[in-house]
Amino acid sequence: MSKNFALHQTADTLETELRNQKLLNLPVDWGDEILYPAYDGLSIRNVPHTIGQLLDAPLDDAVLDNRVWGDTNLDGVQRVVTFLSDGLGYLYLRELMDEDPELEDTILQLTDGRGFVPLTSIAPSTTAVALPTLWTGATPATHGMIGTSLFLREYSTYTNMLFNKSIGNLMGSVIPERDFSSFVPSRSFAEHLTDYRVPTHLLMFKGYLGNGFLSAVLHRGVGYSYAHGGYSDVWVRLAEVLQETVGKRCYVHIYHSPVDSLSHLYGAKNQYIHYEIKEQMKQLLAVLSSQSVKDGQTLFMLIADHGHANAPDRIDLQDDEAEFIRRQMRLGLTGDMRLGHLHLQNDTTDDVIHMVHTQFGDRLAAVETSQAIDAGLFGHDTVYSETKHRLGDVVLIPRLGTQVIDSSLYVLDLESWHGGLSPEEMLVPFMYTRL
């Protein structure tokens, strides 16, 4: 990162620490390429805990590491605003900033010269798991939304959690509406804040807002909702929401998805995403520079849920080279293409793990699920009773550039991916300013 930024040394130190932490000892020679979640103070999981502390509505002590704040004074914060830019990776943002002086200057102004520091995503590093973490403060092991596609034994169905649809039968919902509010056992962050008389304001694309299962799970307790049409109106709407809440004790959350959508469409690095990121920073600076949104008691934070990485190499469990693994499976691959779960027949776990490392060890690692849970890959807190069943018997960890698929279920032709444990996917930016 440019040395123009006050927190550049802190950012470098934190990145080194995050790269060096090891939760698992995998028998592959590329194990050092893996970056694990830092749930104890340097992950997105710690963001809602910090917000609660700032608003005198504490969840517990799982707050962000003090080093991320530098010498910033956080006294007197009464309004917290979080802008979540879906898919914005820390490493890619650093790369763009180094090659684009205009973007660098915009970020410099946006952060009062501080720049940004890295946090980690969660495991798996995907929206369907990250958003429940951000909206509960719970780790994936605790809230149970442990992958994009899960086998839900309570409904006897393999389910896409983003759409609440059964794999292979996208016409019907799996989880009935009566169960929406209780599916995630962890209480929502907005409900928690309401107990302390702190209202939550939410701004997001109209197609996502109040739209069925995910919104019902995540946004329980949200007092005020605002929709935008997905175009440049988002910045006008953001200014309106900030003007409406100025001087009030509240939490404001903005979810914005274009970086993620464009990455899936065009790939992890290209001119289209570069332009979108630059435009986001430019528009944020314009909105936040207006005196009409400032009150001297607001903390604005920008975060992301995950980054992106291309994964052109596919390991298909339906191919002949994976026949032994496939014969031990009780159902199709679950989880994510970049962090999958195998549900196996009894007493076959060790043999399958051995075969994964023998046949695919140059690009795929495997670990027994109980070992991954005990190591804290999905968090160190209480494990929800359904989590172990949803994770199956073996966790598959692909190397950067590789995805594991089960073509008997479906194949997604996306240009870039997330969900894995590469630094490109796991490291996300954290930047902030006082208003």
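This section describes the overall fold, two covered helices, the salt bridges, a surface patch and some unusual backbone positions of a predicted model.

The chain contains 16 helices and 17 strands. Its radius of gyration is 21 Å, close to the 22 Å that the globule rule gives for 435 residues, so the chain is as compact as a globular protein of that length. Along the principal axes, the C-alpha trace spans about 65 × 50 × 40 Å. Of the 435 residues in the chain, 61% are buried. The accessible surface comes to about 16,800 Å², and carbon and sulfur atoms account for 46% of this area. Among contacts with a separation of 6 or more, 75% are between residues 24 or more positions apart.

Two helices illustrate how parts of the chain are covered. Helix α2, formed by residues 46-54, is mostly covered, with eight of its nine residues buried. These buried residues are N46, V47, P48, H49, T50, I51, G52 and L54. Their cover includes the strands β1 (79-85), β2 (117-120), β9 (250-256) and β10 (298-303), together with the helices α5 (127-134) and α7 (189-195). In helix α3, which comprises residues 90-99, the residues Y90, Y92, L93, R94, L96 and M97 are buried. The cover over the buried residues of α3 includes the helices α1 (8-20), α4 and α11, as well as the strands β2 and β17 (427-434). Strand β2 is thus listed in the cover of α2 and also in that of α3.

Salt bridges provide a further set of links within the chain. A search of the whole structure finds 23 salt bridges. In one of them, the side chains of E102 and K278 meet with an N to O distance of 3.0 Å. This pair links distant parts of the chain, since E102 belongs to helix α4 (residues 101-110) and K278 to helix α11, 176 residues apart. K278 has a relative accessibility of 23% and therefore counts as partly exposed.

A second salt bridge is formed by the side chains of R153 and E386, with an N to O distance of 2.9 Å. R153 lies in the loop between β3 (149-152) and β4 (157-160), while E386 lies in the loop between α14 (369-375) and α15 (387-391), so the pair ties together parts that are 233 residues apart in sequence. The two partners fall into separate exposure classes: R153 is partly exposed, with a relative accessible area of 43%, whereas E386, at 11% relative accessibility, counts as buried.

R338 and E425 form another salt bridge, in which the closest N and O atoms are 2.6 Å apart. R338 is located in the loop between β12 (334-336) and β13 (339-342), and E425 in helix α16 (residues 423-426); the pair therefore ties together parts that are 87 residues apart in sequence. Both R338 and E425 are buried. In addition, D12, E15, R19 and R94 are joined into one network by salt bridges that share partners. R94 is also one of the buried residues of helix α3.

On the surface, L265, Y266 and Y272 make a nonpolar patch of about 310 Å². Y272 is found in helix α11, which covers residues 271-288. The relative accessible area of Y272 is 39%, so this residue is classed as partly exposed. Helix α11 thus holds a residue of the patch, Y272, and also K278, the partner of E102.

Several backbone positions also deserve mention. Most residues other than glycine have a negative phi, and most peptide bonds are trans. D56, although not a glycine, has a positive phi of about 55°. D56 follows just after α2, in the loop between α2 and β1. With a relative accessibility of 52%, D56 counts as exposed. S156 likewise has a positive phi of about 55° and is not a glycine. S156 is found in the loop between β3 and β4, the loop that also holds R153. S156 is exposed, with a relative accessible area of 59%. Finally, the peptide bond from A123 to P124 is cis, with omega near -5°. P124 is found in the loop between β2 and α5.

Terms used. Residues are numbered from 1 along each chain as its sequence is written. This is a predicted model: local features need pLDDT of at least 70, side-chain atom pairs count only at pLDDT 80 or more; totals for chains, interfaces and linings use all residues. Side-chain values use heavy atoms; hydrogens and water are left out. Patches are made of residues with over 30% relative accessible area and no salt bridge: like charges are joined within 9 Å, nonpolar side chains (Val, Leu, Ile, Met, Phe, Trp, Tyr) within 5 Å. Accessible areas come from the Shrake-Rupley method with a 1.4 Å probe; for residues, only the protein chains shown count as cover. A salt bridge is a side-chain nitrogen of Lys or Arg within 4 Å of a carboxyl oxygen of Asp or Glu. Helices (H or I, at least four residues) and strands (E, at least two) are DSSP runs, numbered from the N terminus. Buried means under 20% relative accessible area, exposed over 50%, partly exposed in between (1.4 Å probe, protein chains only). The radius of gyration is taken over C-alpha atoms; the globule rule is 2.2 Å times the number of residues to the power 0.38. Contact means heavy atoms within 4.5 Å.
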